[in-house]
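Here's a walk through one protein chain, from its packing to its charged pairs and cysteines. Have the viewer open while you read.

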Amino acid sequence: MANVADILEFLETLAPRSMKMDWDNVGLLCGSRTTSVTKILVALDPFEYVCQEAADWGAELIVTHHPIIFQALKSVTDDTSVGRGIRTLIRHDISAINAHTNLDQAPGGVNDVLAQTLGLENIQVIDACGVDEEGRQWGLLRCGEVNKKFLTTFLADVKEKLHCEGLRYVDGGKPVYKVAVGGGACAGE
């Protein structure tokens, strides 16, 4: 039977810890590497209700994109949602792993999937941070091409492919043919 360490090791083959941004907090943030795992709850965010759902479901592990502990904590109490979530995990012996900016930057990770989902061709990493063991560049932003089209047409495609209800944009009056994408931390870069 797999344990938390086995699952963490596998996840780090997909998104190595070395690919995280300096300010980020990734990996095993709560629990024990030796805990046997039969059920994993996967979520975007480790919100309090996600931690409770994992407990109710009998999971031994939650795997999230965003970290449950992002900034240094001064306390873990019932006074905050993060504190209540961590206390729930500890009370039910549930470990918490996350892959955040390391998964955003990894080849085949969040930003590659975003570019592929939008149908971009000739996808490249913008400002690569390094090269992985297979010789693939990795970094935060991706750039690719689409057949030249009006911005409104391209954005209608984006809404459909990403299943989003609305977008904010400014139309510069020029057709779209080269697109850069990046999720999350890309907004601050």
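Contact here means heavy atoms within 4.5 Å. Leaving aside neighbours within four places in sequence, Ile68 is in contact with Leu29, Pro46, Cys51, Val82, Gly85, Ile86, Leu89 and Ala96.

Before going on, a word on where the numbers come from. This is a predicted model, so local features need pLDDT of at least 70 and side-chain atom pairs count only at pLDDT 80 or more, while totals for chains, interfaces and linings use all residues. Residues are numbered from 1 along each chain as its sequence is written, and side-chain values use heavy atoms, with hydrogens and water left out.

**The overall picture**

The chain's secondary structure comes to 6 helices and 9 strands; these are DSSP runs numbered from the N terminus, with helices being H or I of at least four residues and strands being E of at least two. Along the principal axes, the C-alpha atoms fill a box of roughly 55 × 40 × 30 Å. Of the 189 residues in the chain, 39% are buried. Buried means under 20% relative accessible area, exposed means over 50%, and partly exposed is in between, using a 1.4 Å probe and protein chains only. Among contacts with a separation of 6 or more, 65% come from residues 24 or more positions apart.

**The cores**

Ile68 also turns up in the largest nonpolar core. A nonpolar core is a set of buried Ala, Val, Leu, Ile, Met, Phe, Trp, Tyr and Cys residues joined through side-chain atoms within 4.5 Å. This one has 15 residues, and Leu41, Ala54, Ile62, Ile68, Leu89, Ile94 and Ala96 touch the most other members. Elements giving two or more residues to this core are E1, E2, helix H2 (48-57) and helix H3 (81-91). H2 supplies the largest share, 4 residues. There is also a second, separate core of 11 residues, including Leu118, Phe154, Val158 and Val176. As background, nonpolar side chains tend to be buried together in soluble globular proteins.

**Helix H1 and what covers it**

Which residues of helix H1 (residues 4-14) are buried? They are Val4, Ile7 and Leu8. These cover an arc of only 100 degrees around the axis, which puts them on the same side of H1; the arc is that of the directions from the helix axis to the C-beta atoms. Turned away from that buried side is a face carrying the exposed residues Glu9 and Thr13. The cover over the buried residues of H1 includes strand E1 (27-30), strand E2 (40-43), strand E3 (61-64) and strand E4 (95-98). At the start of H1, a side-chain oxygen of Asn3 comes to within 3.1 Å of the backbone nitrogen of Ala5.

**Two residues worth a click**

Thr64 sits in strand E3 and is buried, at 5% relative accessibility. Apart from neighbours within four places in sequence, Thr64 is in contact with Ala43, Leu44, Asp45, Pro46, Ile97, Asn98 and Ala99.

His92 lies in the loop between H3 and E4 and is partly exposed, with a relative accessible area of 40%. His92 and Ala54 are 38 residues apart in sequence but 9.0 Å apart in space, C-alpha to C-alpha.

**Charged pairs**

A salt bridge is a side-chain nitrogen of Lys or Arg within 4 Å of a carboxyl oxygen of Asp or Glu. Searching the whole structure turns up 7 salt bridges, including these:

| Arg (relative accessible area) | Acid (relative accessible area) | N to O distance |
|---|---|---|
| Arg17 (42%) | Glu12 (28%) | 3.9 Å |
| Arg87 (34%) | Asp78 (44%) | 2.5 Å |
| Arg136 (36%) | Asp132 (14%) | 2.8 Å |

Asp132 counts as buried, whereas Arg136 is partly exposed. Salt bridges that share partners join Asp132, Glu134 and Arg136 into one network.

**Cysteines**

How many disulfides are there? The count is 0, where a disulfide is a pair of cysteine sulfur atoms within 2.5 Å. The cysteine sulfur closest to that of Cys30 is in Cys51, 8.1 Å away, so the two are too far apart for a bond. Cys30 is buried, with a relative accessible area of 8%, while Cys164 is partly exposed at 24%.

Definitions and conventions. Polar contact = N/O pair within 3.5 Å; in protein donor to acceptor, adjacent residues only side chain to side chain.
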